[in-house]
Amino acid sequence: MIHKTRIGRIRGLLLVSVFFVAVASSAAGGGSTPEALMDAGHWKQVRAAAQKLAQEQPNSARSFYLMAQVKSAFADDAGALPLAQKAVALDGANSAYHLCLAEIYGDMAQHAGFFKQMGLARSFKTEADKAESLDPNNLDARFDLLQFYLDAPGVIGGGKDKAYAEATAIAQINAARGYSAQAQIAAHDKDTTKLLASWKASAQADPQRYETQIALANYYASDPQKNYDLAENYARAAIKIDPGRVGAYTILALTYATEQRWKELDAMLADAKQNDPDDFGPFYQAGRVLLTQNQQLPQAEQYFRTYLSQEPEAGQPPIASAHWRLAGVLAKEGRKPDAIAELQVALKLQPNFPQAKKDLQQLQ
């Protein structure tokens, strides 16, 4: 599995799973450069910046690189691949460009058949190795390679000893990230004790690292733990670090909705909308919990309609999923024709949508 730090989400290389929720967050960053916006998950803004640069410098390696990142973020790896290849061809000495290409190969491998998957995995390894060799301090490349070593069979270069070596190298560069590397290995091994200890050590080494606070909030909000007080504490700590990222609000949406803390939920969602107006992901997650709990259905409907009022941010549920969820709310409210209409929209957007097909058949 590739830990796609720039995209702000986790996607697989060799079809392994994680056992805690991945929320949109990534390497710490600040400011308004495209790289900082990528780090914070503001992909709509990155897209605007990339399009502007493409007009100003249509044949620059950086322009191709940024557009490749944007297309990959919005799940268009087929469109991203030639752009990333062009960026590498124009500037083969840039570590970030090689890593971008590597991660696209890794994403493509997730959806490929076995033999093609092996070829794409090798292509990933070649480009990630090049990224690391060009810049040994490129921690994103090192984290991607660490996960590759954990997941890949030995015949194409995998091996846990190599993963441990990569984690050691990361720790020598940055102590907090070193503990994060240990957490990544613990997650792969499903060792929750080591996972928690590693994230806590990472937070102690760098208390201002946003994604460490998010990781701890995720841990405590997960089904095995359901310690919502601690999840809230860590999410609030993340908001203090950067109120403009959506990850902490998403965790709070899940927490407050689950605990039926309606006033706090609405106040938090208002803050989220103000601080990150491009990403309504917390509204979707709040609506999903209310739908599952069969609670506050009119409010759940409003949350889904808010989510549907604009294009989803990269990494968030697609529009078709929101129409399907909204149909579920409407069906529970006894509004069968409206529910059918929403399911029909969902299937028009995504014809191969098994849950929507099943629900439509039951309602008709």
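Helices in this report are DSSP runs of H or I with at least four residues, numbered from the N terminus. The structure is a predicted model.

## Confidence

The average pLDDT of the protein is 92, and 91% of the residues score at least 70. Residues 1-30 have a pLDDT below 50, yet this stretch makes 115 contacts in the model beyond near neighbours in sequence. Where pLDDT is low, the predicted coordinates should not be read in detail.

## Helix α15 and its surroundings

Just after α15, Asn-294 takes a positive phi of about 55°. The helix before this residue covers 281-293. Its 13 residues should span 18 Å at 1.5 Å a residue, and the C-alpha atoms at its ends lie 19 Å apart, which agrees.

Of those 13 residues, 10 are buried, so α15 is largely enclosed by the rest of the structure. The buried residues of α15 include Gly-281, Pro-282, Phe-283, Tyr-284 and Gln-285. Further along α15, Ala-286, Gly-287, Val-289, Leu-290 and Leu-291 are buried too. The packing partners of these buried residues are α13, α14, α16 and α17, the last of which runs over 319-332.

Ala-286 gives a view of this packing from within helix α15. Its relative accessible area is 0%, and Ala-286 is therefore buried, the cut-off being under 20%. Apart from neighbours within four places in sequence, Ala-286 is in contact with Ala-253, Ala-257, Leu-265, Leu-269 and Tyr-303. Gly-41 stands 245 residues from Ala-286 in sequence, and their C-alpha atoms are 20 Å apart in space.

Helix α16 (297-307) follows α15 after a loop. In α16 the buried residues are Leu-297, Ala-300, Glu-301, Tyr-303, Phe-304, Thr-306 and Tyr-307. Among the elements that cover them are α14, α15 and α17.

## Positive phi in loops

Most residues other than glycine have a negative phi, and most peptide bonds are trans. Two glutamines in loops depart from the usual sign of phi. Gln-260 has a positive phi of about 60° and sits in the loop between α13 (247-258) and α14 (262-275). Gln-296 has a positive phi as well, near 50°, and its place is in the loop between α15 and α16.

Are these glutamines buried, partly exposed or exposed? With a relative accessibility of 38%, Gln-260 counts as partly exposed. Gln-296 is also partly exposed, at 38% relative accessibility.

## Nonpolar cores

In soluble globular proteins, nonpolar side chains tend to be buried together. The largest nonpolar core here has 60 residues, and the members that touch the most others are Leu-265, Met-268 and Leu-269. Helix α13 supplies the largest share of this core, with eight residues. Leaving out residues up to four places away in sequence, Met-268 touches Arg-236, Tyr-249, Leu-252, Ala-253 and Tyr-256. There is also a second, separate core of 48 residues, whose members include Leu-37, Ile-104, Ala-112 and Ala-128.

## Aromatic rings and charges

The structure holds 11 aromatic pairs. Two of them are set out below.

| Pair | Distance between ring centres | Angle between planes | Arrangement |
|---|---|---|---|
| Phe-148 and Tyr-149 | 5.9 Å | 70° | edge-to-face |
| Phe-280 and Phe-283 | 5.5 Å | 65° | edge-to-face |

Why does the pair of Phe-148 and Tyr-149 count as edge-to-face? The planes of its rings stand at 70°, and planes over 60 degrees apart count as edge-to-face. The planes of Phe-280 and Phe-283 stand at 65°, so this pair is edge-to-face by that rule.

Phe-148 is buried at 0% relative accessibility, and Tyr-149 is buried with a relative accessible area of 9%. These two residues form one aromatic cluster with Phe-124. In the other pair, Phe-280 is buried with a relative accessible area of 8%, while Phe-283 is buried at 7%. Phe-283 is also one of the buried residues of α15.

Two arginines lie over aromatic faces. Arg-47 lies over the face of Phe-74, 4.9 Å from the ring centre. Arg-245 lies over the face of Tyr-210, at 4.7 Å from the centre of that ring.

Key. Residues numbered from 1 in each chain as written. Predicted model: local features only at pLDDT ≥ 70, side-chain atom pairs only at ≥ 80, totals over all residues. Heavy atoms only, no water. Buried < 20%, exposed > 50% of the residue type's maximum accessible area, 1.4 Å probe, protein only. Expected span 1.5 Å × (residues − 1). Contact = heavy atoms within 4.5 Å. Core = buried A, V, L, I, M, F, W, Y, C linked by side-chain atoms within 4.5 Å. Phe/Tyr/Trp six-rings, centres within 6.5 Å; stacked < 30°, edge-to-face > 60°. Lys NZ or Arg CZ within 6 Å of the ring centre and 35° of its normal. pLDDT = per-residue confidence, 0-100.
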